[in-house]
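Let's take a walk through this structure together. Keep the 3D view open and turn it as you read.

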Amino acid sequence: MFALKKILALPLLWIAISMYSCGPKVPDQNWQKGNLHTHSFWSDGDDFPEMIIQWYKDHDYQFIALSDHNTIASGEFWYELKSRDIENKALEKYQKRFGSWVESKNEAGKTLVRLKPFEEYKAKLEDPGLFSIIRSEEVTSSFENKPVHINVTNIQQKIEPFRAQSVLEIMQKTIDAVLEQRNRLNIPMFAHINHPNFGYGISTEDMKNLNGERFFELYNGHPAVNNSGNEDHIAIELMWDLINIHYYQEGKPLLLGIATDDSHSYHQQSPKLSNTGRGWVMVNSKSLLASDLISAMEKGDFYASSGVQLKKVLYDKEKLYIEVDPEEGGDYEIIFMGYQKETDQVIELKRVKGTKGVYQFQEEDIFVRANIHSNLIMDPLSTEPEMQKAWTQPLIVN
Ligand SMILES: [Zn+2]
Ligand SMILES: [Zn+2]
């Protein structure tokens, strides 16, 4: 088992050894900003795919995945405008932005608009080398009253939601179906477990028992997902650490943390709605091909953010170095967290105020990660202000 852990740790460390050990001439990291969890009229979002994609393009994202519930946005779908959409002027805004591209008709007093399928909206809005559109599905199931939602990034063929005898069984069947499709088509894709604390559907124990799962949502911008837990349920970040202690002990690759918007509402801004721009990933990749982004993410070469941007995340055999890309008025704290030998929890190892921090690995460290906190508020509209953060991925260091 020891050998296996070493093998899993190596690619992560290897990436940056050369970058960090060559002194100040560190090559730039190529951070690509993306959101992997978004909804449109194809399921329960309140706007057209192109309008949503255009928002992300206009706000300096480099990739997006629309992940509608139980669909991969294929085939013919004439969407019937609802009164909510008429109030939102969704069609007028769409026509204003996309003109004759829009296909609509009136039938029996109803307005129907043809939703462009994935291939069409991708061809229209993708900019090779600048902006990438990745196919996704939020495979949406439940067990009793517990929601079980799993996103599949770069899915090619729709996966039907599973029904089974437990939350764990539904999750494992979904992950197995993703791995089967990936192997059969020889196209990289991955499952990520969504918002475990939504309806408190997915427990730490469920997550510990999974096989083949590499990613989950450490942060989700939807107001109903309980990222911080409650008196009876732990916060997602603590869940992450407990799962990874277990995965490490079992010789499984560590679980990596993603931040997403899970956006549904595009016409009104409110902390009570799931809006755009709250959670994203920054992937270190020169290329925007889905296969390259996935490969970088699988190596752990990305961080999750709810506002804090980083310039550098570098590491070698001895140390982890973090450098913040500061915003005006921002004060930052870099908090190194770690799991050490002979312990059963992740603890704070070192805290640095400012925009640069380095942590020298200790003999007793097993895995180390960093949280970066800002004094800037994430959502100025929020009545309960949440501070902007970033999270780097755990590195196995010994
Ligand atoms: Zn969901
Ligand atoms: Zn969702």
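We'll go from the domains to a pair of helices, then to one residue, and finish with a sheet.

Before anything else, keep in mind that you're looking at a predicted model. The domain assignment splits the chain in two: domain 1 takes 2-77 plus 115-396, and domain 2 takes 78-114. So that you can place them, look at the centres of domain 1 and domain 2: taken over C-alpha atoms, they sit 33 Å apart. Where the two meet, 10 residues of domain 1 are in contact with 12 residues of domain 2. On the domain 1 side of that meeting place you'll find 5 nonpolar, 2 polar and 3 charged residues.

Now for the helices. Two packed helices are described by the angle between their axes and the distance between the axes. Find helix H2, residues 49-58, and helix H4, residues 90-98: their axes come within 10 Å and cross at roughly 65°. The crossing of H2 and H4 is left-handed. Zoom in and you can pick out who does the touching: H2 brings Glu-50, Met-51 and Gln-54, while H4 brings Lys-93, Tyr-94, Arg-97 and Phe-98. Sorted by class, that H2–H4 contact has 3 nonpolar, 1 polar and 3 charged residues.

Next stop, a single residue. Ser-285 lies in the loop between strand E11 (280-284) and helix H9 (290-298). Is Ser-285 buried or exposed? Ser-285 counts as buried because 23 C-beta neighbours lie inside 10 Å of it, and the cut-off for being buried is 20 or more. Which residues does Ser-285 touch, leaving out those up to four places away in sequence? They are Asn-30, Gln-32, Asp-292, Leu-293 and Ala-296. For a sense of distance, try Pro-223: Ser-285 and Pro-223 are 62 residues apart in sequence, and from C-alpha to C-alpha they are 30 Å apart in space.

Last, the sheet. Look for three strands in the order E13-E14-E17, forming an open sheet with antiparallel pairing. Its edges are strand E13 (310-315) and strand E17 (356-360), each of which pairs on one side only. From one strand to the next, the twist averages 5°. Strand E14 covers residues 319-324, and 5 bridges join E14 to E17, with the two running antiparallel. If you'd like one spot to check by eye, find Lys-319, which stands opposite Gln-360 in E17.

Definitions and conventions:
Residues are numbered from 1 along each chain as its sequence is written. Chains are lettered from A and ligands numbered from 1 in the order in which they are written. This is a predicted model: local features need pLDDT of at least 70, side-chain atom pairs count only at pLDDT 80 or more; totals for chains, interfaces and linings use all residues. Two residues are in contact if their C-beta atoms, placed from the backbone, lie within 7 Å. Ala, Val, Leu, Ile, Met, Phe, Trp, Tyr, Cys and Pro count as nonpolar, Asp, Glu, Lys and Arg as charged, and the others, Gly among them, as polar. Axes are lines fitted to C-alpha atoms, for helices over the stretch in contact, and angles run from 0 to 180 degrees between N-to-C directions. Helices (H or I, at least four residues) and strands (E, at least two) are DSSP runs, numbered from the N terminus. A crossing is left-handed if the near helix is turned anticlockwise from the far one by less than a right angle, and right-handed if clockwise. A residue is buried if 20 or more other C-beta atoms lie within 10 Å of its own, exposed if 12 or fewer, and partly exposed in between; C-beta atoms are placed from the backbone. Two strands pair if DSSP finds at least two bridges between them.
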